[in-house]
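Please open the structure in a viewer and keep the sequence at hand. The tour below proceeds by selection, from the whole chain to individual side chains.

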Amino acid sequence: MPSESSLVVPVSSAPPLTRPQVAEARRMRAVELFEQGVRQVEVARILGVHSESVRRWKRLWEQGGAAALRRRPASGRPRKLDDDQVERVRAALDQGARAHGFEAEVWTLERVGMVVERITGVRLAATSVWRLLTVRLGWSLQRPARRAVERDEAEIARWLTHEWPRIKRGP
């Protein structure tokens, strides 16, 4: 029999639970404990939550069952772009900025906003374009290095090794 230190444990490929998913799982565990007749004080201790939360959960559970403690869809304004539109935007952005008539291969919020409007007919504010790029498309901020095109690395290295020590020493 292998020792405990030599056991290989497979790593789960499932992504970690989000905070709302963890909270819902905690409430569902509370439901199981309620059904077993565990006292509210014990449920709070077991789950590591405040007793007032347990009282609220139990009241909701008694009124509407376990369904009353399930997560509800996020409220608020619906997204301006549906998933299909986002995928069309992704495909367009993957073609590059030059394919859309821009001079350089650099995407700016303004340029992306123009492409989104051309493809979907939806005009987005700069903050919404940023959210689209970072949250829904998974892009990150990339800043180009500010270096002269004419920069000669070999000449810079030569200057640093030969000229700079001479200048530093003085006449």
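**The whole chain**

Of the 171 residues in the protein chain, 23% are buried. The model is a predicted one. Display the chain as a cartoon: there are 7 helices and 0 strands, and the order along the sequence reads α-α-α-α-α-α-α. The radius of gyration is 29 Å, well over the 16 Å that the globule rule gives for 171 residues, so the chain is more spread out than a compact globule. Along the principal axes, the C-alpha atoms occupy a box of roughly 90 × 55 × 40 Å.

Now switch on the surface. The accessible surface amounts to about 13500 Å², and carbon and sulfur atoms hold 53% of that area. Among contacts with a separation of 6 or more, 44% join residues 24 or more positions apart.

**Helix H2 and its two sides**

Select residues 40–47, which form helix H2, and colour Val43, Ala44 and Leu47, which are buried. Turn the view so as to look down the axis of H2: the buried residues fall within an arc of 100 degrees, so they line one face of the helix. Which exposed residues are carried by the face turned away from the buried side of H2? They are Val41 and Arg45.

Next, add helix H1 (19–35) and helix H3 (51–64) to the selection; both are among the elements that cover the buried residues of H2. Then step to Gly48, which follows H2 and has a positive phi, near 70 degrees.

**The nonpolar cores**

Move on to the largest nonpolar core, which has 16 residues. Show Leu81, Leu93, Val116, Leu124 and Leu132 as sticks, since these have the most contacts inside the core. The elements giving two or more residues to this core are helix H4 (83–94), H5 and helix H6 (126–136). H4 supplies the largest share, 4 residues. A second core, separate from this one, has 12 residues, including Met28, Val31, Trp57 and Trp61.

**Leu81**

Centre the view on Leu81, in the loop between H3 and H4. Is Leu81 buried or exposed? Its relative accessible area is 4%, under the 20% limit, so Leu81 is buried. Select its surroundings: apart from residues up to four places away in sequence, Leu81 touches Val86, Val116, Thr120, Val122, Leu124, Leu132 and Arg136. For a distance along the way, pick the C-alpha atoms of Leu81 and Gly121; these residues are 40 residues apart along the chain, and the two atoms are separated by 10.0 Å.

**Thr120**

From Leu81, pass to one of its contacts, Thr120. Thr120 belongs to helix H5 (residues 109–120). With a relative accessible area of 15%, under the 20% limit, Thr120 is therefore counted as buried.

Which residues does Thr120 contact, leaving aside its neighbours within four places in sequence? They are Leu81, Gln85, Arg88 and Val89.

Finally, show the backbone atoms around Thr120. A polar atom of the Thr120 side chain lies 2.6 Å from the backbone oxygen of Val116. The side chain of Thr120 also reaches the backbone nitrogen of Val122, at 3.1 Å. Both partners can be kept in view with Leu81, as Val116 and Val122 are among the residues that Leu81 contacts.

Definitions and conventions
Residues are numbered from 1 along each chain as its sequence is written. This is a predicted model: local features need pLDDT of at least 70, side-chain atom pairs count only at pLDDT 80 or more; totals for chains, interfaces and linings use all residues. Side-chain values use heavy atoms; hydrogens and water are left out. Buried means under 20% relative accessible area, exposed over 50%, partly exposed in between (1.4 Å probe, protein chains only). A polar contact is a pair of N or O atoms within 3.5 Å; within protein, one must be able to donate a hydrogen and the other to accept it, and residues adjacent in sequence count only if both atoms are side-chain atoms. Contact means heavy atoms within 4.5 Å. A nonpolar core is a set of buried Ala, Val, Leu, Ile, Met, Phe, Trp, Tyr and Cys residues joined through side-chain atoms within 4.5 Å. The arc is that of the directions from the helix axis to the C-beta atoms. The radius of gyration is taken over C-alpha atoms; the globule rule is 2.2 Å times the number of residues to the power 0.38. Accessible areas come from the Shrake-Rupley method with a 1.4 Å probe; for residues, only the protein chains shown count as cover.
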